[in-house]
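Me: I am new to this structure and would like a close look at a single part of it, namely the contacts between side chains. Please take me through them in one connected account.

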Amino acid sequence: MHRSVQTRRREFENIKALIQRPRENALLVHGPTGSGRTRLLGQVSEASEAPATMMSAGPTHGAEPLSGLFTLTAGGALPSSNGLGRVSPGGEAPTSDELLALGQHIVDSMVAQNSGPRVVLIDDLDLADPQTLQVMGYVMRRLAGTGVWIVASVQEICGTGPLHGIRTLDLQPLSRTLMMELAISEAPSNVDTGVLRMLVDSVDGNPGALLKALRSLDVTQLDGRHPLSLPLRQDAATAAKLFRQLEPHSAASKEVLTWMSTAPGIRVATLKLALPKSYSAVTELLAAGLAGHLGEGIRITQPALRSALYWSLDPELRTHIHATLAEHSIQPLKQWHQSFSDFSTETARSLRKTSAELISMGFVREGIEFTERASILGPAADEDCEDLVVLGETLLAQGEIELARTFAGRAQLLRSSGDLPLRITGLQIACEYFLTQRVLSNVARSTTEQESDGGRELATGLVLAVASLHTDRWELDAARRALKSARAMPGISSKIVAVLADSIEALINALDLGVAPVVPTTAVQELGRVCQNVHDPSMWVPFAVVNFARACYMAENFDEGRSLLDSLFHQQGKLSPLWSAIARLERIELERRAGNHGVALMEMASVIKSDEPDVFRHTMAVNTSWYWFEIGEQELAAEAYLASVRYSQGRRNIEVNGLVDARRGSFNLRAGDVDEALVYLRRCQQTGMHLRNPQLMRFEPDLVEALVRVGDVREAKEVMAEFEERAARTPSRWAQLAVLRCRAVLQDGEASIAAFEEALSAFTESDSEYDHAITLAIFAQRLSELGKDSRARQLIHAAQMSFTDIGLPLWADILDHQEPLPDGDLQAHLLLKMPETQRQVVELVMAGYRNKEIADELFLSVRTVEVRLTKVYKELGVKSRAQLLARLGAG
């Protein structure tokens, strides 16, 4: 499957769900050229359970009347019609009445030929001739009862046209994260990812435009040796389509857009001076959404449209516009326009300095255009090294990791002095870890050698950064070595650097022994000095606060951890986007470990929907996988799981591998798939065998339960013995409660009831409601096995209420399958929980029908019947027809 199709998975799932519904039989997939409409329809065609036909409705005889309809009928997408036989391509256009009659003929033919569900996928329907559109608009509104589903892709929908009002799925621009994944999958292996980020930002979420942009660059541009000429050029066909949207607008508006295309943004006052009658045109463009506000100015909202307009300009006219706007503009745009007539080194240097200022204000796309323009004027010299470093640091603070690494690489090629080598190293350490999880451990040695009087704090801080990143990977011995090295360096005498060192030591102790830290008030008091520049020593303050917060919640001091993270969030005016994003990820993990899953899920949903900096991708992949599992989106969860595996592959990241496997194992166990759960939980056993603190991965209780459920009590006791020994070495409240639960699971018969009662009675109001609900559910299952169904039902209801209260309704629903019911109610209960499509099939199975008979009765294919039964088998935990009937009490 092509990567760009995978980026539209959510829309694909929506279409699949819609074509299961019997009452809604038509859908328009609406999106611009390059949005992935055609690939999406192709994926639906391949995955459809019902027979599917896909064709294009584009004109085969120019715009001749009904040429599109002839194409569709000839290809079998639509049935032939007697009415169509009376019309020939190129003949006289039929009247409206004749077209309506033709549409009704087609609908009648569909009803007469109905042999079961069928899906018709029509690409580019809006490119068909007007008569075909009128007939299709009539047909698509009258498909109920025909057994036919029509899904058609369109680029435009006229507000009064024949397709207006038909249900529409709009293909929104893809997120930067998905676009970046697509770019990496399609680009050569030696590409500079910073260049890919520039391309992504230049095409506004359009996957087709991104692929064209990739193909338009040469090797030296892709690997970063030569700059990009921004805005990127558009091919003639794409430009022509973009210009079509300007047809309804006035000549004055088109002229204003043309002038706006020469710069990343422009002040309205400048436009009024250059084009005195532009005010009404600007108002029109803002109302139409073709222009938008940019700080105190405005810009063209569609990067592709700006590109098409800019490169369509005659070179002489372009030069004239730049000269005129340079005369009327103020800085920094005056500088921008002057650069098209003044090609000096000083102009290039000024553009780079301005770029950092723009980026620090959040105008990243505009800032990058300034830097690329500077590079076109001339390559950076040694004296430009600091400007490139500042650019990299500013980009990192904004969370633009790929771009920061690009400029760190460019700076490294130049001769540097003073603290610049250390600052370049700091950028490389941060970017490398954010992007690949690699810790540049040798930096601890090399920075000591580079240390100078002016860079002692920075050198020590960089070694401490390495130590902190090792703790993020749970590589505690390596973290201790780096911390020891840093404490022997002169820079440790700085109060801020000393606080950072203390925070790392506290985190190591919390991870290794579960010891809660004593947080110095200095760390919070110094927050007032937080700035965005990575090389400024005060950046270590948020670093230290995050470390202390992690140490607190990993030692189960959740209130103190929240307080520390809140102190960061309260500094939003001073805290960079990078640290804001990191603090949000820490909050999610804190709430999840505290048992407040609903809070963590809401926060994670917000992160997924936002366009925040894409930092700590391995952590994001772990949390995203967990999020989709918890809300029941299994396919999306599987994708995120594969992403986490991809991020950790070859990097042996214990944290990523351990957390993902532990969470998947737990979820599969709760869902009743014990064999699958054991696969992941045994992997956890191997991954975390050298970790002393069982609170890190929290997998042992699930492993004990899974082993008991498959009858391997001997191994379960061995796991339990090791778990108890490790739990005794930590003051973890979670571990104490988990040990009691495991003891109850290992007990037999009536003795287990007393053990479970003891485990439940140990919970207090301050303990995790999540773990309490888990214990209730396991106890209920044991009571059910012992034939104590009445008490089991009570505990299941209590567990369901707890899961619902903490924001896990899916887990409450899963317990419905575990709830013991009186025999007379079991069949009705299970059937009621099934979707209608599955229930119809199961009821016929219970009546003695075979698959072929069911298919004939329901107007389905045999394959569709088999697919639906397979889903029922999986959901009910059975493997055959006989087991299904026994499960339903119908055997």
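Reply: What follows describes the side-chain contacts, beginning with the nonpolar core and moving on to rings, charges and cysteines.

The model is a predicted one. Its largest nonpolar core holds 183 residues, and those that touch the most other members are Leu199, Ile368, Leu396, Phe434, Trp540, Val615 and Phe803. Helix H29 supplies the largest share of this core, with 12 residues. As a general matter, nonpolar side chains in soluble globular proteins tend to be buried together.

Phe434 offers a view from inside this core. Leaving out residues up to four places away in sequence, Phe434 touches Leu396, Ile401, Leu578, Ile582, Val615, Phe616 and Arg617. Two of these partners, Leu396 and Val615, are themselves named among the residues that touch the most other core members. There is also a second, separate core of 31 residues, which includes Leu66, Val135, Met136 and Ala152.

Aromatic rings form a further set of contacts. The count of aromatic pairs comes to 12. In one of them, the ring centres of Phe543 and Trp579 are 5.5 Å apart and the planes stand at 55°, so this pair is tilted. Phe543 belongs to helix H29, whereas Trp579 belongs to helix H31, which spans residues 577-593; the pair therefore ties together parts that are 36 residues apart in sequence. Both Phe543 and Trp579 are buried.

Phe803 and Trp811 make another such pair, with ring centres 5.7 Å apart and planes at 55°, so that this pair too is tilted. Phe803 and Trp811 are both buried. Their rings also belong to a cluster, in which ring pairs link Phe629, Phe667, Tyr770, Phe803 and Trp811. Phe803 thus appears in this cluster and also among the residues with the most contacts to other members of the largest core.

Rings also meet charged side chains. Arg318 is placed over the face of Tyr310, 4.7 Å from the ring centre. Arg373 is likewise placed over the face of Phe340, at 3.8 Å from the ring centre.

Oppositely charged side chains are the next topic. The salt bridges number 52. One of them joins Arg415 and Asp382, whose closest N and O atoms are 2.8 Å apart. Arg415 sits in the loop between helix H22 (401-412) and helix H23 (420-436), while Asp382 sits in the loop between helix H20 (364-377) and helix H21 (385-397), so the bridge ties together parts that are 33 residues apart in sequence. Arg415 is exposed, its relative accessible area being 64%. Asp382, at 30% relative accessibility, is partly exposed.

A second salt bridge has a buried setting. Asp472 and Arg550 form this bridge, with 3.5 Å between their closest N and O atoms. Asp472 is part of helix H25 (residues 456-472) and Arg550 is part of helix H29 (residues 540-554), so the bridge ties together parts that are 78 residues apart in sequence. Both Asp472 and Arg550 are buried. Helix H29 therefore carries Arg550 of this salt bridge, and helix H29 also carries Phe543 of the ring pair described above.

The third bridge joins Glu757 and Arg791, at 3.1 Å from N to O. Glu757 lies in helix H40 (residues 749-761) and Arg791 in helix H42 (residues 789-805), so parts that are 34 residues apart in sequence are tied together. Glu757 is partly exposed at 32% relative accessibility, and Arg791 is partly exposed at 31%. Elsewhere, salt bridges that share partners join Arg176, Arg197, Asp201, Glu400 and Glu402 into one network.

Cysteines call for a brief remark. In general terms, a disulfide is a covalent bond between the sulfur atoms of two cysteines. The count of disulfides in this model is zero. Cys431 is buried, at 1% relative accessibility, and Cys742 is buried with a relative accessible area of 1%.

The account ends with a serine. Ser625 is located in helix H33, which covers residues 617-630. Ser625 is buried, with a relative accessible area of 3%. Apart from its neighbours within four places in sequence, Ser625 is in contact with Ala637, Ala640 and Tyr641.

How values were computed:
Residues numbered from 1 in each chain as written. Predicted model: local features only at pLDDT ≥ 70, side-chain atom pairs only at ≥ 80, totals over all residues. Heavy atoms only, no water. Salt bridge = Lys/Arg side-chain N within 4 Å of Asp/Glu carboxyl O. Helix = DSSP H or I, 4+ residues; strand = E, 2+ residues; numbered from the N terminus. Buried < 20%, exposed > 50% of the residue type's maximum accessible area, 1.4 Å probe, protein only. Core = buried A, V, L, I, M, F, W, Y, C linked by side-chain atoms within 4.5 Å. Contact = heavy atoms within 4.5 Å. Phe/Tyr/Trp six-rings, centres within 6.5 Å; stacked < 30°, edge-to-face > 60°. Lys NZ or Arg CZ within 6 Å of the ring centre and 35° of its normal. Disulfide = S-S within 2.5 Å.
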